[in-house]
Amino acid sequence: MPEPIDEYFTATVSALQVGHGFLPAGLTPERALALFDAQLGSRHLDLAARLLGAKGEGFYSIGSSGHEGNAAVAAALRPTDPALLHYRSGGFYLARAAQLPDQTPLRDVLLGITGAADEPISGGRHKVFGNKALSIIPQTSTIASHLPRAVGLAFALERAGKLGVDSVVGAEWPADSVVVCSFGDASANHSTAVGAINTALQLRYQGLPLPLLLVCEDNGIGISVPTPEGWIERAYSGRPGLRYLDADGADLGAALAAAEEAVHWVRTRRAPVFLRLRTVRLMGHAGSDVELAYRASTEIAADYPRDPVLTTARLLVEAGVLRPEQVLEHYEWTRERVRRAAEDAVGRRRLGSAGEVIAPLAPSRPDRVAARAAVAAAPEVRRRAFGGPPPEFAGRLTLAQAINNGLADVLARDPGAVLFGEDVAVKGGVYGVTRGLRKRFGAARVFDSLLDEQSILGTGLGMALAGFLPIVEIQYLAYLHNAADQLRGEASTLRFFSQGQYQNPLVVRIAGLAYQRGFGGHFHNDNGVAALRDIPGLVVACPARPDDAAAMLRTCAAAARADGRVCVFLEPIALYHMRDLHEPGDDGWLADYPAPVAWAETHVPLGRGRTYGNGTDLTLVSFANGLRMSLRVARRLAERGIGARVLDLRWLAPLPTADVLREANATGRVLVVDETRETGGVSEPVLTGLVDARFAGEMARVTSADSVIPLGPAASHVLLSERDIEKAALELLHR
């Protein structure tokens with residue numbers, strides 16, 4: 001059944017009269033025809049998507065109909081300007097593709113709609129607007145989640161030139177590039193968008209360059225919820241540091257003029273612009289959306305005259321560029337081109353196995369990672385970085401000192417490494433872990449951020465695209481939950497949706513877990529890690545010992561650089577300044593910092609644990625604070641004549657499953673000592689791994705309670721204790 005907008009277009013164009021008017025200034029006949037071609041292609045892709053969906057041959061039909069005016073934005077930009085696009089960007093995509101030779105945008109979009117494995121950006125994993133040659137970075141449908149990354153990329157383009165990062169990794173984009181980021185009016189209300197734009201304005205307020213074009217495609221409705229008339233203008237015009245422009249997306253000449261003005265401002269002043277492009281939404285939110293359920297038919301039909309494809313056709317006819325019959329001929333010719341491309345797309349191979357689907361998620365080249373992790377900066381560079389003798393001559397160190405020196409070594413080794421977060425620079429971190437690094441490496445590489453975890457992570461993701469290795473800090477684990485989608489929906493999916501053509505190497509330092517003394521409460525003692533462990537491809541490191549910490553940090557940095565991995569480095573707060581293990585003053589928790597000559601032999605590969613002791617009666621499997629408690633309990637068990645060995649997991653993702661099974665088989669009894677919660681904690685996948693491996697011995701677990709951690713002594717009632725561990729161990733031994 002024909003779509004009403006399709007029939008309306010044909011009938012209205014047929015009734016047009018050829019005029020002798022003029023095209024708007026700056027819009028030549030050739031340019032107008034090229035943009036009209038992009039708009040027609042986008043429209044027929046939407047129509048084809050609906051037909052394919054109805055036949056079960058297409059799988060994604062959120063369309064661009066009514067938004068084809070965004071082709072004018074593409075025309076105002078260069079194909080080298082990085083673009084992070086709204087999912088209604090068909091016109092933009094086709095207009096940009098026309099700026100370079102040998103592009104096949106109609107085919108590419110249809111391969112995405114049909115889930116074809118040879119679709120060039122996502123390989124059939126999702127229908128996204130993305131193309132490496134066109135500098136279009138694929139985005140998911142998560143609402144507004146790409147805005148923080150766009151801010152970070154705009155920030156990074158300028159800083160890369162200042163620090164010479166582009167000469168180190170190869171410039172992806174020219175120095176005078178403009179970052180364009182488009183989104184809808186409903187998305188503009190999302191906290192992610194509000195926070196990202198606030199970050200952009202604060203950066204600009206500080207005088208920092210930020211070449212960012214924000215395009216809000218305002219169609220007045222978010223699925224079924226209307227946007228109040230004038231809200232976008234009220235919310236975003238008149239903001240200090242943000243130039244605001246407004247244009248009718250149904251008026252090609254006006255849209256192009258506004259886009260060109262916006263781009264010129266951003267490119268020459270390196271300052272952000274907010275361009276509101278007024279649009280309409282035609283054919284509902286998506287293919288499955290029954291628009292008549294919440295909009296009257298008269299209201300829907302009232303939008304038809306503002307169809308940008310129709311208004312451009314009228315412009316061309318009234319200016320005498322085309323006759324009505326030529327418009328309709330071109331319209332049907334485009335339909336046929338799309339139909340043929342759709343026929344071809346339907347016959348293409350789709351992804352055929354789980355292995356093929358997940359291949360881009362988490363590439364692993366351990367030899368390359370190990371080789372990179374073993375390389376230090378030149379001796380003279382290290383001496384300057386440490387301001388004197390390097391840490392291998394400093395004696396035994398705490399965990400915090402080891403991490404501090406490990407960060408310094410990464411910064412010295414990698415000129416593109418940057419370190420930032422709340423209180424990271426001037427203060428040196430809440431716990432002093434980053435103290436002195438700003439002074440040694442400069443404010444351009446070690447800097448404080450504003451208080452917004454979404455923007456901290458998003459800035460890191462954008463900087464990673466520009467060639468940096470961002471090491472960002474989330475001050476406490478509990479604060480991560482404000483911004484988890486930047487890891488879940490953005491960081492971990494970029495490789496998936498681009499087949500590795502784009503990647504965001506990133507290390508996220510998070511102070512976390514419990515057992516702090518005198519500094520308690522839920523937000524400073526959080527033991528919930530489930531939200532991290534179930535993100536596909538995400539590395540989660542959790543060092544307990546000082547001699548592991550620096551090595552694991554180097555592994556994370558190397559994996560980020562070598563394989564584009566996203567790594568969370570979870571630092572147990574209570575162990576930062578711990579010195580003793582068994583007795584006061586024994587300094588049993590301190591360790592030497594290995595010299596670079598020993599880095600290869602002390603390398604800690606992803607997913608490998610560390611065993612303490614060789615007892616044959618019981619294996620204790622733990623990590624972080626649980627490691628120290630387990631070692632103390634093992635000593636007390638030895639006094640009872642019970643030989644226990646302790647395995648430190650070190651990595652919570654990927655788990656060292658082979659090491660767990662080996663140490664379990666060595667004793668036949670396994671107790672998983674898990675300081676996280678009973679539900680969703682680390683013990684669950686550890687035990688599941690043993691079951692999957694058909695471990696035949698005895699196994700049990702002991703965990704903290706399913707509770708928020710309270711303040712003060714009350715925390716001891718819900719947190720795992722040494723007494724709990726010893727009791728569980730004895731019970732397991734006596735089964």
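Cys181 is a good place to start: at 0% relative accessibility, this cysteine counts as buried. What you're looking at is a predicted model, so everything here is read off predicted coordinates. How far is the sulfur of Cys181 from the closest cysteine sulfur? The gap is 10 Å, the partner is Cys216, and that is too far for a bond. A disulfide would need the two sulfur atoms within 2.5 Å. Cys216 is likewise in no disulfide, its nearest cysteine sulfur being that of Cys181. Cys216 is buried as well, with 0% relative accessibility. Search for disulfides by this rule and the count comes to zero.

Now for the nonpolar cores. In soluble globular proteins, nonpolar side chains tend to be buried together. Here the largest nonpolar core has 158 residues, and the members touching the most others are Leu212, Phe274, Leu487 and Leu671. Helix H24, residues 546-563, supplies the largest share of this core, with ten residues. There's also a second, separate core of 74 residues, and Leu45, Ala76, Ala247 and Leu322 are among its members.

Pick out Leu671 and look at what surrounds it. Leaving aside residues up to four places away in sequence, Leu671 touches Leu618, Thr619, Leu620 and Val621, among others. Its contacts also include Ala700, Arg701 and Val702, and further along the chain Ile725, Ala728, Ala729 and Leu732.

Back to H24 for a moment. The helix has 18 residues and reaches 26 Å from its first C-alpha to its last, close to the 26 Å expected at 1.5 Å a residue. Is H24 mostly enclosed or mostly open? 17 of its 18 residues are buried, so the helix is largely enclosed by the rest of the structure. Right after H24 comes Gly564, with a positive phi near 70 degrees.

Next, the rings. A search of the whole structure turns up twelve aromatic pairs. Two of them are set out here.

| Pair | Centre to centre | Angle between planes | Kind |
|---|---|---|---|
| Phe155 and Phe447 | 5.8 Å | 65 degrees | edge-to-face |
| Tyr236 and Phe274 | 4.6 Å | 10 degrees | stacked |

The Phe155 and Phe447 pair links distant parts of the chain, with the two residues 292 residues apart. Phe155 sits in helix H6, residues 147-163, while Phe447 belongs to strand E9, residues 446-448. Phe155 counts as buried at 6% relative accessibility, and Phe447 is buried too, with a relative accessible area of 12%.

What about Tyr236 and Phe274? Tyr236 lies in helix H9 (residues 231-236) and Phe274 in strand E7 (residues 273-278), so this pair ties together parts that are 38 residues apart in sequence. Tyr236 is buried, with a relative accessible area of 4%. For Phe274 the value is 0%, so Phe274 is buried. You've met Phe274 already, as one of the residues that touch the most other members of the largest core. Phe274 and Tyr236 also belong to one aromatic cluster together with Phe183 and Tyr244.

Finally, some rings have a charge over them. The charged end of Arg125 sits over the ring of Phe496, 5.8 Å from the ring's centre. Likewise, Arg554 places its charged end over the ring of Trp599, 3.8 Å from the centre.

Methods: Residues numbered from 1 in each chain as written. Predicted model: local features only at pLDDT ≥ 70, side-chain atom pairs only at ≥ 80, totals over all residues. Heavy atoms only, no water. Core = buried A, V, L, I, M, F, W, Y, C linked by side-chain atoms within 4.5 Å. Buried < 20%, exposed > 50% of the residue type's maximum accessible area, 1.4 Å probe, protein only. Helix = DSSP H or I, 4+ residues; strand = E, 2+ residues; numbered from the N terminus. Contact = heavy atoms within 4.5 Å. Phe/Tyr/Trp six-rings, centres within 6.5 Å; stacked < 30°, edge-to-face > 60°. Lys NZ or Arg CZ within 6 Å of the ring centre and 35° of its normal. Expected span 1.5 Å × (residues − 1).
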